[in-house]
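Please work through the exercises below with the sequence and the coordinates at hand. Each task is followed by a stepwise solution.

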Amino acid sequence: FLYLADKYLKKGGKLCFVLPKNLLSGVSWFLARALLASKYHIEHIVISYDSENGYNFSESTSLSECLLIARKKRENENNENNANEITRFVMLLRKPTTSVEAIALANQLLKTDDRYVEAGDSQAFVVKVDRNTLAEYIDNWGRFVFLPNLAILDELNNLLSGIIRLKNVRAKKNIEVKIPMTKLNDIITSIGVDAHQFNDNFRIVSEKVPGCLEILHGGSEDVRKFMRVKSNAYALPKNKGEELFKKKSGKLLLPDRIRVDTAHVISMVSEKPTLSNIFYAVRLRDENENKLKALCLWLNTTWGILTILANRQETEGAWIRLKMSQWRLLPVLDITKLEEDKLKRLAEVFDKFKDKDLGRIPEQFVNYNLRLKLDKAFLKAVGAEVDKDALTDLYEKIRSSMEQWIGLAEDSSKKS
């Protein structure tokens with residue numbers, strides 16, 4: 001429909017579409033983003049963070065959607081004006097419930113440059129992005145609105161560049177920690193198999209039989225509880241299964257799909273090289289136990305989780321995924337640039353927490369005792385001493401963002 005609309009729309013005309021939210025970051029939507037970025041001034045992209053009233057705009061679905069408004073550029077409009085073309089990303093905190101309220105909110109959006117607008121009971125944050133920046137990050141526009149918190153959004157570029165900034169509001173002190181970052185693709189040789197490849201080349205058997213392989217099957221909450229994981233099933237290879245297992249099995253496991261409100265950890269390390277129908281098994285260029293542990297630890301720190309959320313595809317609220325190509329492009333801790341003593345310290349931190357249940361990810365920023373210990377231990381291992389208040393200020397921002405996003409109830413009695 002988007003292609004047909006572009007084909008028949010006159011220059012100067014406008015597209016108005018309700019589309020899956022995956023338009024912003026989905027791999028299969030890349031060409032749609034390229035079309036829009038090259039031929040249109042994208043004026044507004046509206047998404048919902050209203051967990052109570054839904055992430056959709058269509059009557060027929062409850063899946064996450066976005067509302068797109070774009071004007072087709074005329075022949076005489078050239079690239080010289082790119083920096084002056086602004087796209088407004090609107091994050092609805094509470095959706096309008098009537099047409100009158102919707103019109104009032106739209107009028108407020110059009111007449112003000114404020115980053116927060118409201119009309120009646122409806123509320124929204126606004127993020128403005130110029131055309132050049134939109135083109136630079138055409139692989140992922142979701143990064144501009146990955147959490148409904150302006151302070152966290154403002155710090156994302158620093159984080160992805162390897163600068164962790166913390167603000168201790170009470171002590172009026174800013175803390176800056178620098179760490180080396182690189183794309184995951186630059187430090188790995190393979191990233192396992194996807195669900196289709198697994199199902200085409202392996203058959204699950206009820207118990208161990210000659211010729212079977214130990215694999216990790218399924219993605220229930222119990223499987224995603226600890227950073228250390230063991231194989232839980234057996235599979236007989238078929239077709240190219242045996243060859244795939246030799247070439248693609250690995251110890252570091254990354255999820256294809258994540259249910260944010262039930263997952264306890266993001267990444268895991270298996271005791272033996274394995275494959276999975278739910279997780280991608282990663283091999284490093286330099287397969288080293290301490291490096292595996294250090295990378296897994298990073299992905300389970302607060303900052304690792306934030307980078308993953310910033311690069312996600314969102315299906316419905318807390319139900320998200322990262323495909324192989326998105327993992328490959330993900331900025332991660334550059335373990336190849338770390339000295340041996342730092343790698344050893346990070347591996348020791350991993351070993352200390354590998355069998356500890358941190359709780360479900362959103363709950364970690366309410367009852368943050370173990371979360372605080374893990375993050376402080378990570379920072380100390382890379383050479384930074386940080387006080388508790390600087391981290392708890394960040395946790396409060398994340399907690400309130402997740403409460404807005406997936407409707408969490410605050411439990412301040414559990415804080416410690």
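The exercises concern model confidence, a sheet with its helices, a helix pair and two cases of burial.

**Exercise 1. Determine which residues of this predicted model have pLDDT under 50.**

Step 1. The average pLDDT of the protein is 93, and 96% of the residues score at least 70.
Step 2. Over residues 409–416, pLDDT stays under 50. The model has 14 contacts beyond four places in sequence for residues 409–416.
Step 3. Where pLDDT is low, predicted coordinates should not be read in detail.

**Exercise 2. Establish the strand order of the open sheet of five strands, and state which helices pack on the sheet.**

Step 1. The order is 10-18-15-17-13, and the pairing is mixed.
Step 2. Strand 10 (188–190) and strand 13 (228–229) form the edges, each pairing on one side only.
Step 3. Within the sheet, strand 15 (residues 250–255) and strand 17 (residues 268–274) run antiparallel and are joined by three bridges. L253 stands opposite M268 of strand 17.
Step 4. Helix 7 (residues 241–248) packs on the sheet and touches strand 10, strand 15, strand 17 and strand 18 (279–284). The direction of helix 7 makes about 55° with that of strand 18.
Step 5. Helix 8 also packs on the sheet, with strand 15, strand 17 and strand 18 as the strands touched. Its direction makes about 10° with that of strand 15.

**Exercise 3. Describe the crossing of helix 8 and helix 11.**

Step 1. The axes of helix 8 (residues 289–299) and helix 11 (residues 340–353) come within 8 Å, crossing at roughly 65°.
Step 2. The crossing is left-handed.
Step 3. On the helix 8 side, the contact involves N290, K291, K293, A294, C296 and L297. These meet L343, K344, L346, A347, V349, F350 and D351 of helix 11.
Step 4. Sorted by class, the contact of helix 8 with helix 11 comprises eight nonpolar, one polar and four charged residues.

**Exercise 4. Is R71 buried or exposed, and with which residues is R71 in contact?**

Step 1. R71 lies in strand 3 (residues 65–72).
Step 2. The cut-off for burial is under 20% relative accessible area. Because its relative accessibility is 15%, R71 counts as buried.
Step 3. Neighbours within four places in sequence left aside, R71 is in contact with G12, G13, K14, K39, Y40, H41, E43 and E77.

**Exercise 5. Explain why helix 9 (residues 302–310) is largely enclosed by the rest of the structure.**

Step 1. The buried residues of helix 9 are T302, W303, G304, I305, L306, T307, I308, L309 and A310.
Step 2. Nine of the nine residues of helix 9 are therefore buried, so the helix is largely enclosed by the rest of the structure.

Terms used:
Residues numbered from 1 in each chain as written. Predicted model: local features only at pLDDT ≥ 70, side-chain atom pairs only at ≥ 80, totals over all residues. Heavy atoms only, no water. Axes fitted to C-alpha atoms, helices over the stretch in contact; angles between N-to-C directions. Helix = DSSP H or I, 4+ residues; strand = E, 2+ residues; numbered from the N terminus. Left-handed = near helix turned anticlockwise from the far one by under 90°. Contact = heavy atoms within 4.5 Å. Nonpolar A, V, L, I, M, F, W, Y, C, P; charged D, E, K, R; others polar. Pairing = 2+ DSSP bridges. pLDDT = per-residue confidence, 0-100. Buried < 20%, exposed > 50% of the residue type's maximum accessible area, 1.4 Å probe, protein only.
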